[in-house]
Amino acid sequence: MKITPLLLAAAAALTVQSCKMKSTGSAVSGDAASRTYVAPGKYDELYNFVSGGFSGQVAVYGLPSGRLLKVLPVFSVNPENGYGYSEETQAMLNTSHGFVPWDDQHHLALSQTNGEHDGRWLFANANNSPRVARIDLKAFKTMEIIELPNSGGNHSSPFLTENTEYVIAGTRFAVPVGDQESALDNESFKKNFKSTASFIGIDPNSGHMNVSFQIILPGMDLDLSRAGKGPSHGWFFFSTYNTEQASTLLEVNASQKDKDFIVAVNWKKAEEYVKAGKAKKMATEYYHNTFNEETHSASSEIIKEVLTLDPEELKDLVYLIPCPKSPHGCDVDPSGEYIVGSGKLAALIPVFAFRKFEKAIADKAFEGEYNGIPVIKYEAALHGEVQKPGLGPLHTEFDGQGNAYTSFFVSSEIVKWSIKDLKVLDRVPTYYSIGHLMVPGGDTKKPYGKYVVAYNKITKDRYLPTGPELAQSAQLYSIDGDKMQLLLDFPTIGEPHYAQAIPAEKIKDQSVKFFDIAKNKHPYVAAGEKATKVERKGNEVHVYMTAIRSHLTPDNIEGIEVGNEVYFHVTNLEQDWDIPHGFAIKHAATAELLIMPGETSTLKFIPTKAGVYPFYCTDFCSALHQEMQGYMRVSPKGSNIPLKWHTGETVAAK
């Protein structure tokens, strides 16, 4: 058997990991527990937003405690609160290919102002059905999801410019644009397959998103990305692999070249071209879903075209920087001067200087073109290389003190190095096979520093065993001294890919405690018990219901027939913090509801058999929570039982 570099790397990975597994009880220093302890009733320093991977959700943890605070439903239905099940939220998961109840969520980005996290919004990507979501950090609720046309997988997303002008999303899989069919072979790939970089404009006040334009790139796989900042503001940098343009067995065929590319996009120039009418309109179809906080309901808009720009025609729009080898990470330091590439199969870390990159363009220091796009000479843009840093570099973040921290998947470690002289300063093991890492604010002009968190792919013997699938792993290290120090292991949901963290004081004081019922404009709101009623509209029955400690109104309903579409519109009358109410009815095919104070939410129920169906509050709300229940009588079809309802006193339909 031929021994390839990939096999050698895999063998090295197994060797490194097996060595570490013999010492899984690696000791931490004596003060680690005190540094992560958050006393009862006290708050964590940071909110840590962690991607949920194949769960499709986002998890919120406190740091340094590692306590799970909340799971945010984004791209997957969530039976805990009825997201994607309730009539109000189903539209959030609409796509041009129908309702998608589950997706793969990889990366996150906190909104920024002047290159610093501002605590307004969190953006999240869906990889499989390409979409970007905006989460409001006042209510911790998904407010908007936009689908991406011409995208073959939205892994390279979402990444933000330093004033949240754009969220940028790159294509993971090159595909024929316009959903065209094509043969699957290398010749067809090179001719017909393209990548796209979508620039999603963000309204600075509302956060409302729209696809401003797409840049059509050669067929290759875009990976991680970062916006320029400071001197490099106006540029965006993607890593890319499979520049070989192979269509099969990429493990081998996309690892042939010594170098792939960093793709540098001049988005300020793109704006000029759009304004000058140089963009082309392409017919397409994609969904834009928004949640209205006044009506507590989502709606979908279908958009029919997108503007595209072609860098083969617009020569000063995109440049390529050679980068060894199969890069994953592409990261910009806090100064905006240095761009770090992380080649998964490289034995070094290349660092490029923005001023040299600009000079190379001015001097036309090109080594040729790739599919019509200028390729800058490697040495012309290079600041230098970190030599022998470790095996399998993936992702780099920064502490604001001139230091960089890179994750190494194969050698399972975090390596600290100096940006100025490219010297390795420290290294610590991770357990095991780290993917991304995160320094709070490490993608901004002013990192919070103090910690780095490892998000690991394998936990093996770190936690109590739970069958073939184990809890996912995060590890907290201090970085406020010369040496990194492991402080804490904590499990996470799903598969954590990337994460963002922000000081708690930027969010906690703006947190919504309840919704003002006087501003509730839901079409089926019952703003008080006197407004409750039951109405028949043909085969539909609408129940205007209220919930308050400790009863539902109405709590007895008759006149429902088998096959009726019964809509329970439940309004939570509470105007107090942390008093949600739940609603469930026996044999409902959808999940139950969880209704926030002042909110209205709807459960649809179609009874298939006659009988008496209990319903109740599912969220423990008071000492008499068990008594918060009622009954619905369902009669055979055609029974003509009069519609009537009551809580204490019977009310018949007029």
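## Lys138 and its surroundings

Lys138 lies in the loop that connects strand β8, residues 131-136, with strand β9, residues 141-147. In this predicted model, Lys138 counts as partly exposed because its relative accessibility is 42%, a value that falls between the 20% limit for buried residues and the 50% limit for exposed ones.

When residues up to four places away in sequence are left aside, Lys138 touches Gln510, Ser511 and Val512. Asn114, by comparison, is 24 residues from Lys138 along the chain, and the C-alpha atoms of Lys138 and Asn114 are separated by 21 Å.

## A four-stranded sheet

How are the four strands of the open sheet ordered? The order is β26-β27-β28-β29, and the pairing between these strands is antiparallel. The edges are formed by β26, covering residues 393-398, and by β29, covering residues 424-429, each of which pairs on one side only. From one strand to the next, the twist averages 20 degrees.

At one of these edges, β26 is joined by five bridges to β27, residues 403-408, and these two strands run antiparallel. Within this part of the sheet, Phe398 stands opposite Ala404, which belongs to β27.

## Confidence in the model

Across the protein, pLDDT averages 93, and 95% of the residues reach a score of at least 70. Where does pLDDT stay under 50? This is the case over residues 1-25, a stretch for which the model nevertheless has 29 contacts beyond four places in sequence.

Technical notes
Residues are numbered from 1 along each chain as its sequence is written. This is a predicted model: local features need pLDDT of at least 70, side-chain atom pairs count only at pLDDT 80 or more; totals for chains, interfaces and linings use all residues. Side-chain values use heavy atoms; hydrogens and water are left out. Two strands pair if DSSP finds at least two bridges between them. Axes are lines fitted to C-alpha atoms, for helices over the stretch in contact, and angles run from 0 to 180 degrees between N-to-C directions. Buried means under 20% relative accessible area, exposed over 50%, partly exposed in between (1.4 Å probe, protein chains only). Contact means heavy atoms within 4.5 Å. pLDDT is the predictor's confidence in each residue, from 0 to 100.
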